[in-house]
Amino acid sequence: MSQQLSMPSIGAENPSLANTLRKGDYEGSPGCYPPRTALIHRICKIVGYNILKGTTVFVNTWSIGRDPRYWEEPEKFLPERFFGKDIDVKGHNFELLPFGSGRRMCPAYRLGLILIQSTLANLVHGFKWGLPDNVKPEDVDMEEEYGLTTHRKNPIVAVVEPRLSAHLYV
């Protein structure tokens, strides 16, 4: 009999990851929100506009993740914003849609979450992280460029030192 792996929901149980997915804070993450598409299957009205069947609608999840109507201080990394809230990344909460929603939701979102968590855990466990000499955290340029994906305008430089024995990095 096969055993199914269980992973905690993202939100109150893992607020740092939820906040990163909300804001798309690192290049290559699912949170580097490309525009999401939705194919309209029936005539509907969106914000007063009639949308015809067969129309492709682009959903700008980057803007939703930074909208002050939904997020207090949206440009800040505040994992505590998820404490005591029932928000997940499964498409039930439209203010947090890193993997889309409904029938067109990313089919590999569980794999994506597991890979993000295990990769981050390995990097944090295996290395000491810091900034170059004379650089303070408040001096790091966090400006972004928006395009098909969101990425840093200027790369972040980090100093990385191994924590473990050399034979463990092979």
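Which residue's side chain meets that of Asp67 in a salt bridge? In this predicted model, the partner of Asp67 is Arg69, with an N to O distance of 2.7 Å. The two residues differ in exposure: Asp67 is buried, at 14% relative accessible area, whereas Arg69 is exposed, at 68%.

The count of salt bridges comes to 6. Another of these joins the side chains of Glu73 and Lys76 (2.9 Å, N to O). Here Glu73 is partly exposed, with a relative accessible area of 38%, and Lys76 is partly exposed at 45%. A salt bridge is also formed between Glu144 and Arg152, whose closest N and O atoms lie 3.5 Å apart. Glu144 is buried, at 18%, and Arg152 is buried, at 15%. Both belong to a network of salt bridges that also links Arg66 and Glu75.

The protein chain contains 3 helices and 8 strands, arranged along the sequence as α-β-β-β-β-α-α-β-β-β-β. Of its 170 residues, 29% count as buried. The accessible surface amounts to about 12,000 Å², and carbon and sulfur atoms contribute 58% of it. Among contacts with a separation of 6 or more, 54% are between residues 24 or more positions apart.

Phe94 lies in the loop between helix H2 (61–64) and helix H3 (109–126). Phe94 counts as exposed because its relative accessibility is 55%, above the 50% cut-off. Beyond its neighbours within four places in sequence, Phe94 is in contact with Ile64 and Ser101. The C-alpha atoms of Phe94 and Tyr70 are 9.8 Å apart in space, with the two residues 24 apart in sequence.

How values were computed: Residues are numbered from 1 along each chain as its sequence is written. This is a predicted model: local features need pLDDT of at least 70, side-chain atom pairs count only at pLDDT 80 or more; totals for chains, interfaces and linings use all residues. Side-chain values use heavy atoms; hydrogens and water are left out. Helices (H or I, at least four residues) and strands (E, at least two) are DSSP runs, numbered from the N terminus. Buried means under 20% relative accessible area, exposed over 50%, partly exposed in between (1.4 Å probe, protein chains only). Contact means heavy atoms within 4.5 Å. Accessible areas come from the Shrake-Rupley method with a 1.4 Å probe; for residues, only the protein chains shown count as cover. A salt bridge is a side-chain nitrogen of Lys or Arg within 4 Å of a carboxyl oxygen of Asp or Glu.
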